[in-house]
Amino acid sequence: FTFSNISEPDSSFFLLVHPLWQSPLSIPGGTRQSPINIQWRDSVYDPFLKPLKISYDPSTCLHIWNNGYSFLVEFDDSTDKSIIMGGPLENQYRLKQFHFHWGAINEWGSEHTVDSKFYPAELHLVHWNAVVYPTFEEAVMEGNGLAVIGVFLKLGKHHEGLQTLVDALPAIKHKDTIIEFDVFDPSCLIPSCPDYWTYAGSLTTPPLTESVTWIIKKKPIEVDENQLEAFRMLLFTSDGEEEKRMVDNFRPLQPLMDRTVRSSFQ
Ligand SMILES: NS(=O)(=O)c1ccc(NCc2ccco2)c([N+](=O)[O-])c1
Ligand SMILES: [Zn+2]
């Protein structure tokens with residue numbers, strides 16, 4: 001492996017040093033794997049894309065926990081109280097959870113890249129098609145089963161809404177720790193700019209199923225250094241095990257293959 005530029009790691013870098021992703025580069029026969037690099041000039045403006053409509057009920061928030069891959073905030077998805085619709089979607093989709101991916105340093109951490117640029121972190125808000133499928137588990141197996149909103153995080157000013165999450169992280173430092181989280185409105189983490197890219201992809205961790213309509217917001221949100229450092233204090237490991245810091249929990253870039261990334265903006 002020759003490293004062209006250590007600060008801009010390429011997939012060979014991750015294959016060599018990335019113990020977390022023992023899984024194959026992409027699943028055998030996979031034609032729509034995620035994440036991908038979004039080459040801005042190759043994305044195609046689609047005037048028929050509608051604005052994304054987001055309506056979350058903060059009281060559907062349940063708990064925040066460390067699952068050994070990331071930390072996630074889960075929602076009561078037994079009703080249509082927290083949903084998204086419009087955009088590239090034919091149905092409305094229910095919010096199930098959101099989580100993040102981040103790096104050990106600010107040079108990388110996001111899963112998707114824009115013109116080969118990594119952001120220090122990326123937020124995923126995961127929704128499932130409860131109009132067509134009876135359960136999330138079934139939706140995970142279907143091409144139009146899931147819709148994930150991706151939001152890039154960049155280093156900048158303090159993010160008030162994120163701080164509520166950051167304050168809870170010490171209580172879920174270890175894998176499989178959980179605390180109740182009563183009220184949280186995740187729309188505070190989504191940029192007000194309506195512009196997004198969208199493409200057909202997959203889950204970025206096992207089972208890597210090709211069931212995700214990705215909606216990647218063009219504008220990042222700004223968070224400060226202390227907030228990113230708080231993510232990096234979490235552990236992959238359970239209490240009592242040898243500590244392994246939870247960092248670099250992102251999958252290597254996958255081939256675009258026969259896909260087009262559409263943009264909602266010109
Ligand atoms: N990084 S992501 O948004 O693509 C992602 C990946 C995996 C899973 N879940 C893994 C899974 C599903 C069924 C059994 O196990 C989820 N999710 O569940 O929201 C999201
Ligand atoms: Zn994710």
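These legends describe close-up views of a predicted model.

**View 1. The zinc ion (ligand 2) and the histidines that hold it.** The zinc ion (ligand 2) is coordinated through NE2 of H99, NE2 of H101 and ND1 of H124, at 2.0 Å. Along the sequence these donor residues follow the spacing H-x1-H-x22-H. The arrangement is tetrahedral, because the 4 donor atoms around the zinc ion subtend angles of 98 to 117 degrees and the range accepted for four donors is 85 to 135 degrees. H99 and H101 are both buried.

**View 2. Strand β9 and its two partners.** β9 spans residues 121-128, and 8 of its 8 residues are buried. One side of the strand carries A121, L123, L125 and H127, and the other carries E122, H124, V126 and W128; both faces are covered. H124, on the second of these sides, is also a ligand of the zinc ion through its ND1 atom. β9 pairs with β7 in the antiparallel sense, over 8 bridges. Within this pairing, L95 has H127 of β9 as its bridge partner. β9 also pairs with β10, again antiparallel and over 8 bridges. Here E122 is matched with F152 of β10.

**View 3. The hairpin of β4 and β5, with β11 alongside.** Strand β4 (residues 61-66) and strand β5 (residues 71-75) are antiparallel and are joined by 5 bridges. The hairpin has 4 residues between its strands, and G68 takes a positive phi near 90 degrees. β4 is also joined to strand β11 (residues 178-180), by 3 bridges and in the antiparallel sense. W65 takes part in both pairings: it stands opposite L72 in β5, and its bridge partner in β11 is I178.

**View 4. The largest pocket.** The space in this pocket is about 520 Å³. Its lining is made of 25 residues, and those that lie nearest its centre are N67, Q97, H99, T205 and P206. Two or more residues of the lining come from each of β5, β7 (93-102), β9 (121-128) and β10 (146-155). β7 gives the largest share, with 5 residues. By class, the lining has 14 nonpolar, 9 polar and 2 charged residues. H99 is thus named twice in these views, as a residue nearest the centre of the largest pocket and as a ligand of the zinc ion.

**View 5. The second largest pocket.** About 220 Å³ of space lies here. The pocket is lined by 13 residues, with P88, E90, A200, T213 and R262 nearest its centre. Strand β12 (residues 196-201) contributes the most to this lining, namely 3 residues. The lining divides into 5 nonpolar, 5 polar and 3 charged residues.

**View 6. The loop between β12 and β13, with P207 and L208.** Most residues other than glycine have a negative phi, and most peptide bonds are trans. The peptide bond from P206 to P207 is cis, with omega near 15 degrees. P207 sits in the loop between β12 and β13 (212-217), and L208 is in the loop between β12 and β13 as well. L208 is not a glycine, yet its phi is positive, at about 55 degrees. L208 counts as buried because its relative accessibility is 4%, and the limit for buried is under 20%. P206 is also among the residues nearest the centre of the largest pocket.

**View 7. A cis bond at P35 and a positive phi at D115.** S34 and P35 are joined by a cis peptide bond, with omega about 0 degrees. P35 belongs to the loop between α1 (11-17) and β1. D115 lies in the loop between β8 (113-114) and β9. Phi of D115 is positive, near 50 degrees, in a residue other than glycine. With a relative accessible area of 37%, D115 is partly exposed.

**View 8. Two exposed loop residues, D42 and M233.** D42 is in the loop between β1 (37-38) and β2 (44-45). Its relative accessibility is 51%, so D42 counts as exposed. The C-alpha atoms of D42 and V131 are separated by 33 Å, and the two residues are 89 residues apart along the chain. M233 lies in the loop between α4 (225-231) and β15 (262-263). M233 is exposed, at a relative accessible area of 52%. Between the C-alpha atoms of M233 and G201 there are 30 Å, with 32 residues separating the pair along the chain.

Technical notes: Residues numbered from 1 in each chain as written. Chains lettered and ligands numbered in written order. Predicted model: local features only at pLDDT ≥ 70, side-chain atom pairs only at ≥ 80, totals over all residues. Heavy atoms only, no water. Donors = N, O, S within 2.8 Å, 3.2 Å for Na, K, Ca; no water. Tetrahedral: all angles 85-135°; square planar, octahedral: opposite > 155°, others 65-115°. Buried < 20%, exposed > 50% of the residue type's maximum accessible area, 1.4 Å probe, protein only. Pairing = 2+ DSSP bridges. 1 Å grid on protein atoms, 1.4 Å probe; cavity = no way out; pocket = protein on both sides within 12 Å on 5 of 7 lines; lining within 4 Å. Points joined across faces, edges and corners; volume = space filled by probe spheres on them. Nonpolar A, V, L, I, M, F, W, Y, C, P; charged D, E, K, R; others polar.
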